[in-house]
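Colleague: I would like a close look at one part of this model, namely how its main nonpolar core is put together. Please take me through that part with some care, and then say how the rest of what you have relates to it.

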Amino acid sequence: MKKILLTIAFFTAVLSLSAQFPGAAGKQGGQVSNMGHVYGKITDTSGAAINAASVMLLQSKYDTATKKRKEVLLKGIVTKANGEFSFSELPIMGQLKLKISATGFKAIEQTVSFQMKMDASGPKPSGNDPAQAMAAFSNMLNAFDKDLGNIKLVTDAKELSAVTVVSSKPLMRMDIDKKVFNVDKNIVSAGGTAVDVMRNVPSVQVDIDGNVKLRNASPQIYIEGRPTTLSLDQIPADAIESVEVITNPSAKYDASGGNAGILNIILKKNRKAGYNGNLRAGIDKRGAMNGGGDFNVRQGKINFSASAMINQNKSRVTGTTDRLNLFDNPQTTVSQNNNNKTSGGFMFGRIGLDYFATNRTTFSIAGIKVHGEFKPNETISTLTDSLLNNGKTSSYSERFSSGKREFNAHGLQLGMKHLFPKQGEELTADMNFFSGKNGGDNTYITNYYTAQNGTKSGDYQQHLISSGANQFLTAQTDYVKPFKNIKLETGLRMQLRKTSNINDNYIFNPSSNQFELIPSATSNYKNTDNVYAAYVSLSGSKKDFGYKIGVRAESSEYNGTLLTNNSKFNNKYPVSLFPSLFLSQKLKNKQELQFSVTRRINRPNFFQLIPFVDYTDALNITKGNPGLKPEFTQSFEFSYAKTFKKNNTLLSSVYYKRTTDLITRYQDKGTNPVTGADVLINTFVNANSSQAYGAEVTSVNYLTKWWDISTNLNLYNSKINATNLKNTANDGMWSWFGKFNSNFKLPAKFSMQLSATYQSKTNLPVNDNSGGMGGPPMSMSQSAAQGYIKPIYGVDIAFKKSFLKNDAASVTLSFSDIFKTRKSVQYSYSDYFVQTYSRLRDPQMIRLNFAYRFGKMDISLFKRKNNNAGGMSGATEGMQQ
């Protein structure tokens, strides 16, 4: 009777549970109820919970094909931050196998079974008492709910050491066609912009105006592999994860850019399940504040991200110019002092959405918004003496300029990525649209005096109103197809750019007591610039030898219109081919050799082509040359890399570049139609050729667990063949550039970073490839002359303190140019003048920044239907989280 009661009670409970969980029954040789429940917690030997451990339940099943039993995955899960796991609705018949693994720990296995046994310590059924029988059965049912307790994993020393190299994000990583530098832990640049980041990237030189050079040439700036119209000072430093330095771009990249390479900025991303983000705030010694935040949420098929940043600017620049004008009659000396104060700031915002349509297809959309407003105020005092008048002062003037500059821009990014079943095969397509408007309203008042500290003898007033717009559209698709021993890459690209600009120049007329427009000193224009490209490359390897060979075809067209007289001009460049070759050979003891050859082009831009003399700034008069030809550059590079113990790395390179039809600045004399005075006009011409060569060494060393350093040295020489021009060739000069970065992990969760740069005496740059018309007074003439830049160095230091749980908060104190030595001094000469020019920007800047990161990885936002927190409706689905 006792057995009968137990049996009835058992099946009654089973039927009851089956009614509550209709899917709880499955077949395993017959009807078996799925009412088992297993749970526990994964810890290390100290009892600390292990996050993201993989826990799988395997079940033995009969395979009708092989006529044998085999283990198949029943359910799987990844532990949460507390290390806990739970599986429900498990079959109670037969044995299951539990497999647990976690990065850095030894994997373990154990069997799990549900045995219906009477508890010897429990109540014994007596006679025919149903109550006692049910109580006994209740104890027996507890066997279906198994608590496995804390399961301890033992550290796997071998695996942990291997993982440490990968997960610590080494400071430098070398690919076949680029070097990748991780900068997300750079504390010196906290609260700054991409300009501050570049100061700590090896191979990159940054002057006091934030202009960057790569091996002494101006590179193209990319964001996420695509060109951008944003300047480096419009990109927040805290949004940057890494910088790819591409000194010799392959056929995959734009051929434009001349003899310089590419700096590709990779932004931070977070697509972990759950929500997370960070908040930032800071202030500098002048009271300029910065703040921002990032937020990311990922659950299921949706990833949403948003970021915003505000950065105030209170910049100070001082400078002097001493100049001997050789074309004046009689010759004169000019002593100029500049004092510039600029206030303002910019805002940057981005919202992005990724939709994981399938396991292999992702669609992305993102919007960008940028707004900036600056109010520059500058005072320039100019003392002019005649050399033939016994030092008597010829003139003294003071120019006061004030105004406002504003820009607004927005962008849209669309992307698609599809992964094919075959490993490595993928198709991507993306479109980037960027549109911006800018405006300016500046007033220049020049007061003339009889002598320094003398009485005022007159004045000259100028009012410049400017506005402009630009649109930039790129569309690109890339396809990658791996074969047995080779990989095919091919793609198409279209770039469309529209630019318009209006500069209305008004001069104050005392007779009418109002400002009057001067058409001859007004610059109004619009232009379009379109580039079309296609590329194909093949790469592969055989044992330790690797190669990548490709070719890119590009054509372009350019159309410009001067709005003042409706004159038009255009240029069309036919299809040109740009081949590239990369070879690599791995040697023993973690050594590698690389060799590359590429061909690139630098097309003249609108500012260099426009056939119009711009008198809007009397101290910077420019004129374009519509007859300019594009310059072509052949580049060769040979590199050696060695990885030592503890992941210490050494990378050394030698390189050679030859450019034909080099675009360079040139000076000529002319007459200012506003003042009637003789002036120097800066324009652009093609020199015969130029060559540059040098050697570079980059080293990353992990000296101890708490101290690592990176060192970069670049020794180079350049020479111009300009026999077709008069007095523009620079003699070759050996120069060197060095950069040092040191990181310290200190006790009590403190860290310190020390960085330094040094630039030896070097030739003046021949052309910065920007063609811009602005710049400090008399700086344009510097680039059109012979001369050199005197040595310059600077040292930065920063301290960081992390606190709260998991170091969620930190405070960073940084000091830039702590010795006030980043003073740019340039000496230049030509047929028309001899000049020494110096400037100092924001020395000994101090910034204090606070950062806080938040979030957790187990949020239930954007829930999928039938989502089970304890397990999954499908085992493989859970293992993909």
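Modeller: Ten bridges join strand E3, residues 54-63, to strand E4, and the two run antiparallel, but I mention this pair only as a marker for later, since your request concerns the core. Please bear in mind throughout that this is a predicted model.

The largest nonpolar core has 27 residues, and those with the most contacts inside it are Met198, Val201, Ile240, Val243, Leu263 and Ile265. Two or more residues each are given to this core by helix H4 (194-198) and by strands E11 (204-206), E12 (212-214), E13 (220-223), E15 (240-246) and E16 (262-267), with the largest share, four residues, coming from H4. To take one residue in detail, isoleucine 265, leaving aside its neighbours within four places in sequence, is in contact with Ala194, Met198, Ile221, Tyr222, Ile223, Glu224, Leu232, Ile235, Ile240 and Ser242. A second, separate core of 22 residues includes Leu57, Leu98, Val112 and Phe114.

Returning to the marker, E3 and E4 belong to an open sheet of four strands in the order E4-E3-E6-E7, with antiparallel pairing. Its edge strands are E4 (68-78) and E7 (108-112), each of which pairs on one side only, and the twist averages 25 degrees from one strand to the next. Within the pairing of E3 and E4, valine 55 stands opposite isoleucine 77 in E4.

How values were computed. Residues numbered from 1 in each chain as written. Predicted model: local features only at pLDDT ≥ 70, side-chain atom pairs only at ≥ 80, totals over all residues. Heavy atoms only, no water. Pairing = 2+ DSSP bridges. Axes fitted to C-alpha atoms, helices over the stretch in contact; angles between N-to-C directions. Core = buried A, V, L, I, M, F, W, Y, C linked by side-chain atoms within 4.5 Å. Buried < 20%, exposed > 50% of the residue type's maximum accessible area, 1.4 Å probe, protein only. Contact = heavy atoms within 4.5 Å.
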